[in-house]
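Subject: Handover of a structure and notes on its contents

Dear colleague,

Please find the structure below, together with its sequence. My notes on what was found in it follow.

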Amino acid sequence: MYGFEAMTFNIHGGYLEAIVRGHRAGLLTAADYNNLCQCETLDDIKMHLSATEYGPYLQNEPSPLHTTTIVEKCTLKLVDEYKHMLCQATEPLSTFLEYITLRWNMAAQMVGLLQYVSWDVSRTLFRCCGDAVLLTGLFGSDSQRKTNILTASFRYGHMIDNVVLIVTGTLHERDVQELLEKCHPLGMFDSIATLAVAQNMRELYRLVLVDTPLAPYFSECITSEDLDDMNIEIMRNTLYKAYLEDFYKFCQKLGGATAEIMSDLLAFEADRRAVNITINSIGTELTRDDRRKLYSNFGLLYPYGHEELAVCEDIDQVRGAMEKYPPYQSIFSKLSYGESQMLDKAFYEEEVKRLCLAFEQQVCTGYRGHPFFS
Amino acid sequence: MSRTSMVGDSSSWSTALVKISPYTFSAIGIAIAIGVSVLGAAWGIYITGSSLIGAAIKAPRITSKNLISVIFCEAVAIYGVIVAIILQTKLESVPSSQIYAPESLRAGYAIFASGIIVGFANLVCGLCVGIIGSSCALSDAQNSSLFVKILVIEIFGSALGLFGVIVGIIMSAQATWPAK
């Protein structure tokens with residue numbers, strides 16, 4: 001019954017909920033970010049981070065530090081905490097955790113941006129550690145405390161990213177070992193290295209993916225075409241769409257507060273992806289029908305918004321389509337006409353705001369998932 | 001005869017009820033007093049304990065202070081034990097001609113009611129204190145100034161069990177069996 005979960009939630013979820021809330025206390029604060037802003041070198045960063053929860057992970061690194069090392073260690077902290085939670089979780093929480101996807105592209109961005117250390121170090125670190133923080137801090141989803149553990153979902157998104165990374169890398173003839181090192185640790189699974197041998201999608205599926213948890217998501221995108229850049233992106237988006245819909249159905253099934261909170265977050269995610277797909281495919285050879293196939297079938301924009309987005313040819317038309325929906329109108333009103341770079345940042349801020357709000361509900365599984373979901 | 005003096009019409013259910021020995025009711029009352037109280041206490045302790053353990057990983061300083069929540073839950077079980085002991089001292093044997101006398105029935109029902117009152121009041125009190133205790137541990141881990149304020153809520157919660165005990169003891173004072 002909605003409202004009485006507190007009586008039985010702690011059986012399965014009490015310990016994990018308390019741990020998640022403990023992680024929240026370990027998030028970097030505004031004061032930490034101010035300190036990091038004033039750092040001049042990477043060693044200063046290491047020194048400032050040593051007073052935070054990331055300290056033990058960085059203290060054994062010899063100088064000179066590389067940016068990749070910092071990112072790697074911070075990610076490692078996240079992975080360790082996630083694995084601990086996964087071990088302690090029971091069903092359906094463990095399935096939920098595996099669903100949570102975390103698009104962790106921050107590492108790649110951070111590596112690129114940290115080369116310019118003197119230029120706004122804080123912003124890059126924020127995006128890197130901020131996500132880590134959000135990941136560890138936001139715990140739990142939905143009110144169904146016993147379903148609080150969103151362990152499983154977390155990994156699928158990373159798995160999808162890793163699969164696409166390796167296939168793309170092989171296409172551009174990079175070394176497999178190098179690619180494996182770049183993969184996100186939470187998305188690793190056995191036999192990931194054999195992805196490099198596949199020539200087209202059918203082989204990809206038959207050789208490797210049929211044994212992984214990603215197998216059900218492939219039914220929509222198996223073709224015999226050879227893998228090239230365009231097809232890989234389409235494959236990534238189709239997979240991600242299938243995963244989002246699956247996760248949405250799972251949350252609906254859990255019911256209660258989890259369904260409420262996660263539906264809101266997933267709907268926002270689906271809409272954000274729709275907008276991104278639209279903007280990125282303007283001017284490419286992606287047809288309107290293909291574009292429409294990549295949109296998820298839930299969310300605020302479904303189905304009328306999708307109809308409008310599918311025929312958009314430039315950013316202003318996208319803006320026109322989105323301004324009919326009040327939550328997105330406020331996002332787009334922050335941008336002036338013709339500017340699309342800030343859109344990413346605006347969406348990101350909105351997402352963080354929603355995740356923090358979700359965290360405020362105590363007895364929810366949803367609050368478990370948020371950090372990871374970011 | 002007990003039947004004609006106890007009930008207005010001759011319904012078979014009411015006959016069946018008054019033919020149950022008052023000692024049955026007393027025994028059930030005493031069992032509920034202790035059994036359900038302990039259920040409430042245990043429920044509260046596990047709710048508090050699981051949160052306390054998890055929160056204490058990142059904030060070890062909260063452990064000693066937050067044991068108070070566990071103690072409040074435990075107090076609920078102690079109330080149950082005390083009342084059960086009091087109730088069983090109220091049992092007296094009466095000669096078999098008097099077992100179904102109105103006064104015996106009244107004594108039996110009084111003990112039964114007292115047991116139910118105490119048992120269920122302690123059940124919900126234990127639950128209440130447990131849930132508050134879990135929130136108390138989690139908030140204390142984030143911000144230690146919150147502990148005392150939430151403790152006040154917990155004290156109000158544990159007063160509920162006390163109300164149950166008081167009323168239960170007053171009820172059981174009425175359990176006077178007929179003189180031999």
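A residue counts as exposed when its relative accessible area is over 50%, as buried when that value is under 20%, and as partly exposed in between. By this cut-off K353(A), at 51% relative accessibility, is exposed. Please note that this is a predicted model.

Salt bridges within chain A

K353(A) is a suitable place to begin. Its partner in a salt bridge is E350(A), and the closest N and O atoms of the pair are 3.7 Å apart. Helix α18 of chain A, residues 341-359, holds both residues, which stand three residues apart, about one turn of the helix. An α-helix has 3.6 residues a turn, so residues three or four places apart point the same way. E350(A) nevertheless has a relative accessible area of 9% and is buried, whereas K353(A) is exposed at 51%.

A second pair of this kind is found in helix α14 of chain A, residues 288-294, where R292(A) and D289(A) are also three residues apart, about one turn of the helix. Their side chains meet in a salt bridge with an N to O distance of 3.8 Å. Here D289(A) counts as exposed, with 53% relative accessibility, while R292(A) is partly exposed at 32%.

Over all chains, the structure holds 13 salt bridges.

A salt bridge within chain B

Which parts of chain B does the pair of D140(B) and R61(B) link? The two residues form a salt bridge whose closest N and O atoms are 3.6 Å apart. D140(B) belongs to helix α5 of chain B, and R61(B) to the loop between α3 and α4 (62-89) of that chain; the pair, 79 residues apart, thus links distant parts of the chain. D140(B) is buried, its relative accessibility being 0%. R61(B), at 42%, is partly exposed.

A further group of salt bridges shares partners, joining E53(A), K77(A), E81(A) and K58(B) into one network. This network includes residues of both chains, which leads to the interface.

The interface of chain B and chain A

In total, 18 residues of chain A are in contact with 16 residues of chain B. The area buried between the two chains is about 1,300 Å², and carbon and sulfur atoms account for 60% of it. On the side of chain B, the residues that lose the most area to chain A are K58(B), L138(B) and Q142(B); together they make up 39% of what that side buries.

The rule finds two salt bridges across this interface. K58(B), already named for the area it loses, forms a salt bridge with E81(A), with 4.0 Å between the closest N and O atoms. Eight residue pairs are also found in polar contact across the interface, with both residues at pLDDT 80 or more.

Which helices of chain B each supply at least two residues of the side that touches chain A? They are α3 (22-58) and α5 (102-142). The largest share, ten residues, comes from α3(B). By type, the residues on this side of chain B divide into nine nonpolar, six polar and one charged.

A helix with one buried face

In chain A, helix α16 covers residues 315-322, and its buried residues are V318(A), R319(A), A321(A) and M322(A). Seen down the axis of α16(A), these residues fall within an arc of 160°, so they line one face of the helix. They pack against three helices of chain A: α13 (256-281), α15 (304-310) and α17 (326-332).

Two further positions in chain A

T194(A) is located in the loop between α10 (176-182) and α11 (201-207) of chain A. Its relative accessibility of 37% makes T194(A) partly exposed. T194(A) and V208(A) are 14 residues apart along the chain, and their C-alpha atoms are separated by 6.8 Å.

L86(A) lies in helix α5 of chain A, residues 67-88. With a relative accessible area of 23%, L86(A) is partly exposed. Between L86(A) and F96(A) there are 10.0 Å from C-alpha to C-alpha, the two being ten residues apart in sequence.

Yours sincerely

Definitions and conventions
Residues numbered from 1 in each chain as written. Chains lettered and ligands numbered in written order. Predicted model: local features only at pLDDT ≥ 70, side-chain atom pairs only at ≥ 80, totals over all residues. Heavy atoms only, no water. Contact = heavy atoms within 4.5 Å. Buried area = accessible area lost by both parts, 1.4 Å probe. Polar contact = N/O pair within 3.5 Å; in protein donor to acceptor, adjacent residues only side chain to side chain. Helix = DSSP H or I, 4+ residues; strand = E, 2+ residues; numbered from the N terminus. Nonpolar A, V, L, I, M, F, W, Y, C, P; charged D, E, K, R; others polar. Buried < 20%, exposed > 50% of the residue type's maximum accessible area, 1.4 Å probe, protein only. Arc of directions from axis to C-beta.
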